[in-house]
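Biologist: Hi! Could you walk me through this structure? I'm new to this, so plain words please.

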Amino acid sequence: MTTHHGSQSQSRPGIGRTLWEYGKSLGIALLLAVVIKTSIVEAYKIPSGSMEDTLLVGDFLLANKFIYGSRLPLIDLRFPAIRDPEPGDVVIFKYPKDPSVNYIKRCVAIGGQTVEVRNKVLYVDGKAQEPPATSKFLAGRAEPATHSPRDNFGPYKVPDGQFFMMGDNRDNSYDSRFWLAVPRDLIQGKAMVIHWSWSPDDEAPTWSWGDPVGMAQACVYNVGHFLDRVRWRRLGSVIH
């Protein structure tokens, strides 16, 4: 039995076709990456201490965007939500006064509930709420309360379809006590897990794309201090 191999030109596809196949595969991969990032799971970095000690500056987390009904990229269409945010959820949302900025806080009340803060104690529908185990007060709860919304707020009834958010670092959080509830359409996702945690270091050289020498110095410094700066125990921590 003989086997017909065909000509060399038949067995090797043209360069144009090869480039097209590579380009198509790359395009599909990029599209899937965009869909996943915007609709299912997205990564966020914690830039401030307003959620200490639940989340620390330098934590990198993954958020579930699908649970609250994520939006499809490029079109104004939202998937059906599995559920709405609930009290206790750590939520990523668009800052109501500037939707270009992402905030992360804990939902403490939902539409229809009444929120009040009296001498730093949170009350929802008249019942005192115990702070999360990983929350804190800068000078302790025994510190004399002020008349600012930080320590004394409300009573305030959360509008239907909105959510009252507070930081776990109760004395150092700019949250719904100052700018009220978050509308449903600004909700982005639920914080799930810390996938990386990088401790701040005031002695580390500043990283700047416009400064090649500074970038090189920062790389050398960070490599040398890598083991010290990674918060190993926080990697893979589920966010509660």
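Modeller: Happy to! Let's start at Lys120, which lies in the loop between β5 and β6. Keep in mind as we go that this is a predicted model.

Biologist: Okay, is Lys120 buried or exposed?

Modeller: Lys120 is buried, since its relative accessible area is 4% and anything under 20% counts as buried.

Biologist: And what about the phi of Lys120?

Modeller: Phi of Lys120 is positive, about 80 degrees, although Lys120 is not a glycine. Most residues other than glycine have a negative phi. Asn119 has a positive phi too, near 50 degrees.

Biologist: Where is Asn119, then?

Modeller: Asn119 is also in the loop between β5 and β6 (121-124). Asn119 is exposed, with a relative accessible area of 53%, while Lys120 is buried.

Biologist: Which residues line the largest cavity?

Modeller: Lys120 is one of them, and the lining also includes Val117, Val121, Leu122, Phe137, Arg150 and Asp151. The rest of the lining is Met166, Arg170, Asp171 and Arg177. The space inside the largest cavity is about 40 Å³.

Biologist: How many of those lining residues are charged?

Modeller: Six are charged, five are nonpolar and none are polar.

Biologist: Tell me about Val117. Where does Val117 sit?

Modeller: Val117 is part of strand β5, which covers residues 114-118. Val117 counts as buried because its relative accessibility is 3%.

Biologist: What is Val117 in contact with, apart from its close neighbours in sequence?

Modeller: If we skip the neighbours within four places in sequence, Val117 is in contact with Leu122, Arg150, Asp151, Asn152, Phe153 and Arg177. There is also a C-alpha distance to look at: Val117 and Tyr156 are 39 residues apart along the chain, and their C-alpha atoms are separated by 9.6 Å.

Biologist: New topic: how many salt bridges are there in the whole structure?

Modeller: A search of the whole structure gives 14. In one of them, the side chain of Lys136 meets that of Glu52, at 2.7 Å from N to O. That pair links distant parts of the chain, 84 residues apart: Lys136 is in the loop between β7 (127-129) and β8 (153-157), and Glu52 is in the loop between β1 (41-45) and β2 (59-64).

Biologist: Is Glu52 buried or exposed?

Modeller: Glu52 counts as buried, at 18% relative accessibility. Its partner Lys136 is partly exposed, with a relative accessible area of 25%.

Biologist: Any other salt bridges I should look at?

Modeller: Try Asp89 and Arg83, where the closest N and O atoms are 2.7 Å apart. Asp89 is buried at 8% relative accessible area, and Arg83 is partly exposed at 23%. Then there is Glu116 with Arg118, at 3.1 Å between the closest N and O atoms. Elsewhere, Lys120, Arg150, Asp151 and Asp171 are joined into one network by salt bridges that share partners.

Biologist: You mentioned Arg83. Which residues is Arg184 in contact with?

Modeller: Beyond neighbours within four places in sequence, the contacts of Arg184 include Arg83, along with Tyr68, Arg78, Ala81 and Asp84. The side chains of Arg184 and Asp84 are joined by a polar contact of 2.8 Å. Arg184 sits in the loop between β10 (182-183) and β11 (187-197), and at 19% relative accessibility it counts as buried.

Biologist: Which peptide bonds are cis?

Modeller: Two to look at are Glu52 to Asp53, with omega near 0 degrees, and Gly154 to Pro155, with omega about 5 degrees. Most peptide bonds are trans. Asp53 is in the loop between β1 and β2, whereas Pro155 is in strand β8.

Biologist: Last stop, the largest pocket. How much space lies in it?

Modeller: About 210 Å³. Among the residues lining the largest pocket are Tyr44, Lys45, Pro47, Met51, Ile92 and Tyr103. β4 gives the largest share of that lining, four residues. By type, the lining has seven nonpolar, three polar and two charged residues.

Biologist: And how many helices and strands does the chain have?

Modeller: Five helices and eleven strands. Of the 240 residues in the chain, 36% are buried.

Note on methods
Residues numbered from 1 in each chain as written. Predicted model: local features only at pLDDT ≥ 70, side-chain atom pairs only at ≥ 80, totals over all residues. Heavy atoms only, no water. Helix = DSSP H or I, 4+ residues; strand = E, 2+ residues; numbered from the N terminus. Buried < 20%, exposed > 50% of the residue type's maximum accessible area, 1.4 Å probe, protein only. Polar contact = N/O pair within 3.5 Å; in protein donor to acceptor, adjacent residues only side chain to side chain. Contact = heavy atoms within 4.5 Å. Salt bridge = Lys/Arg side-chain N within 4 Å of Asp/Glu carboxyl O. 1 Å grid on protein atoms, 1.4 Å probe; cavity = no way out; pocket = protein on both sides within 12 Å on 5 of 7 lines; lining within 4 Å. Points joined across faces, edges and corners; volume = space filled by probe spheres on them. Nonpolar A, V, L, I, M, F, W, Y, C, P; charged D, E, K, R; others polar.
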